[in-house]
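Open the model in your viewer and keep the sequence panel beside it. The stops below say what to select next and what is there.

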Amino acid sequence: MINRSILYKYVCLISSLLTFYFLFSCTHDLANSYQISTNNISSPLSVLKNPLQKEAKSTSQKDSTRHLKLLFTGDIMGHTPQIRAAEIKKNKSYDYKPSFEYIAPIIRAADIAIGNLEVTLPGRPPYTGYPTFKSPDDLAVDLKWAGFDVLVTANNHSNDSGKKGVLHTIETLKNLGFQQTGTFKNKAERDLFYPLILNKNGIKIALLNYTYGTNDIPTTPPTIVNTINWYTIKKDLQKAKKRNPDCIIVMVHWGDEYQLIENKEQRKLADWLANQGVHVVVGAHPHVVQPIIEKEVKTEENKQVHQSLIAYSLGNFVSNQDKKNTDGGILLEIDIAKNIQQDSTYINDAHFIPVWRYIQKTNQNDIYRILPVAAVEHSKRPFIKLPTEDKMEMLDFLRVTRARLKHNGAKERRITTKDIITSTKMAQK
Ligand SMILES: [Zn+2]
């Protein structure tokens, strides 16, 4: 038989724990509802400053929250040495898988992985690098294998293979099962499929894409390459809002090449986009990593407050560039959360993941490899062993990139060897 005084002590202890739990969850529920009530419900994207708030939600709230993990990569380039390196049989078959092998587990783990394809796919040789980028279709096949879901194609190289190239690129990507936007076969298709709407995990995204120009290569009708025109963008955003997305994302090809800080025009356009209700702006083209900032803005339309995240440039995802700071880039990971009970959506978390391009020398072709740098940095048993000189270059890239991004408070997700190995096993199942 249990001693009465011990039983009494237990009852007291349990009731105080329950009281404490009740008060604690109420406080946080109030904090959450305050957070939500200050934001725009029709265009509701806020950033939870304190991640603990998320943990303190009651079970019912947890159940009513949906998450969507977005991942963006930098410029996917196709310089001549990369084409030569991937070549298996002259002008016939190409294998890019080794380039993506070590980064694929990270890309596949995202709900939606999005990249800027800065080459055209003409469908037949000659395949060339700078200044007119024409890559074999096998590149797209292996990007699909690596885990990409969406490729945006409005950039200064969109017209490098002329009208046929624009058409074949769109056709090939669609046949491979990608979602694609930024360039269009004709006006009817743009009217029908733009902005691109992505629906996953009960969260609806509107994705838009524009470029500053096409290197003076004119766009041949009826094809369309989206160029930056504020009037057109405004109309496109209005069209996007009519579809009631939870989150609006604009990917812009802009800025000055090799500049580590965004220029005035980028800042002006980003601010304007945020004022128009855009939640996430992701930039490309400078080939180096530029700052990521988060800001609270009032929409022009209804003066309601929302959070915007602006990543001015993610640098290179893969390329043969060797100018300082062009040998790597970052992946941007954003966790979008939606409370379906309150119909409010917010950026729950955002991280960058540094990647570095390693050119592995072999007796035959060079191998271009994208490495999640943190997994090689300190690992005692790294999945790949780099020659000292390459390792020094990689660490140099990492040091300056981290410093630039952390200056504005951006957070890094440090990939470990385990992440890659575990995910690779999962992907193989
Ligand atoms: Zn570019």
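**A glycine after a helix**

Select Gly 147 first: just after H7, this residue has a positive phi of about 115°. Element names such as H7 come from DSSP runs, numbered from the N terminus, where a helix (H or I) has at least four residues and a strand (E) at least two.

Before going on, note that this is a predicted model, in which local features need pLDDT of at least 70, side-chain atom pairs count only at pLDDT 80 or more, and totals for chains, interfaces and linings use all residues. Residues are numbered from 1 along each chain as its sequence is written.

**Helix H7**

Step back along the chain and select residues 138-146, which make up H7. Which residues of this helix are buried? They are Asp 138, Leu 139, Ala 140, Asp 142, Leu 143 and Ala 146. Here a residue is buried if 20 or more other C-beta atoms lie within 10 Å of its own, exposed if 12 or fewer, and partly exposed in between, with C-beta atoms placed from the backbone. In an α-helix there are 3.6 residues a turn, so residues three or four places apart point the same way.

Now show what covers the buried residues of H7: the cover includes strand E2 (65-76), strand E5 (112-117) and helix H8 (162-175). Helix H5 (97-100) and helix H6 (104-108) are also among the covering elements.

**The whole protein**

Zoom out. The protein has 14 helices and 19 strands. Of its 429 residues, 44% count as buried. Two residues are in contact if their C-beta atoms, placed from the backbone, lie within 7 Å. Among the contacts with a separation of 6 or more, 76% are between residues 24 or more positions apart.

**Two cis peptide bonds**

Select Tyr 130 and Pro 131: the peptide bond from one to the other is cis, with omega near 5°. Pro 131 sits in the loop between E5 and H7. Next, select Tyr 194 and Pro 195, which are joined by a cis peptide bond with omega of about -10°. Pro 195 is found in the loop between helix H9 (187-193) and E9.

**The hairpin of E9 and E10**

Continue to strand E9 (residues 196-200) and strand E10 (residues 203-211), which pair in the antiparallel sense over five bridges. Two strands pair if DSSP finds at least two bridges between them. Leu 198 stands opposite Ile 205 in E10. The two strands form a hairpin with two residues between them.

In the loop between E9 and E10, select Asn 201. Its phi is near 50°, a positive value in a residue other than glycine. Is Asn 201 buried or partly exposed? Asn 201 counts as partly exposed, because it has 13 C-beta neighbours inside 10 Å.

**The six-stranded sheet**

Widen the selection to the open sheet of six strands, in the order E9-E10-E12-E13-E15-E14, with mixed pairing. E9 and strand E14 (292-298) stand at the edges with a single partner strand each, so one side of each has no neighbour in the sheet. Within the sheet, strands E13 (residues 280-284) and E15 (residues 305-311) run parallel and are joined by three bridges. Val 280 has Leu 309 in E15 as its bridge partner.

**Last stop: Asn 325**

Finally, select Asn 325 in the loop between strand E16 (316-318) and strand E17 (328-339). Asn 325 has a positive phi of about 75° although it is not a glycine. This residue is buried, with 21 other C-beta atoms within 10 Å.
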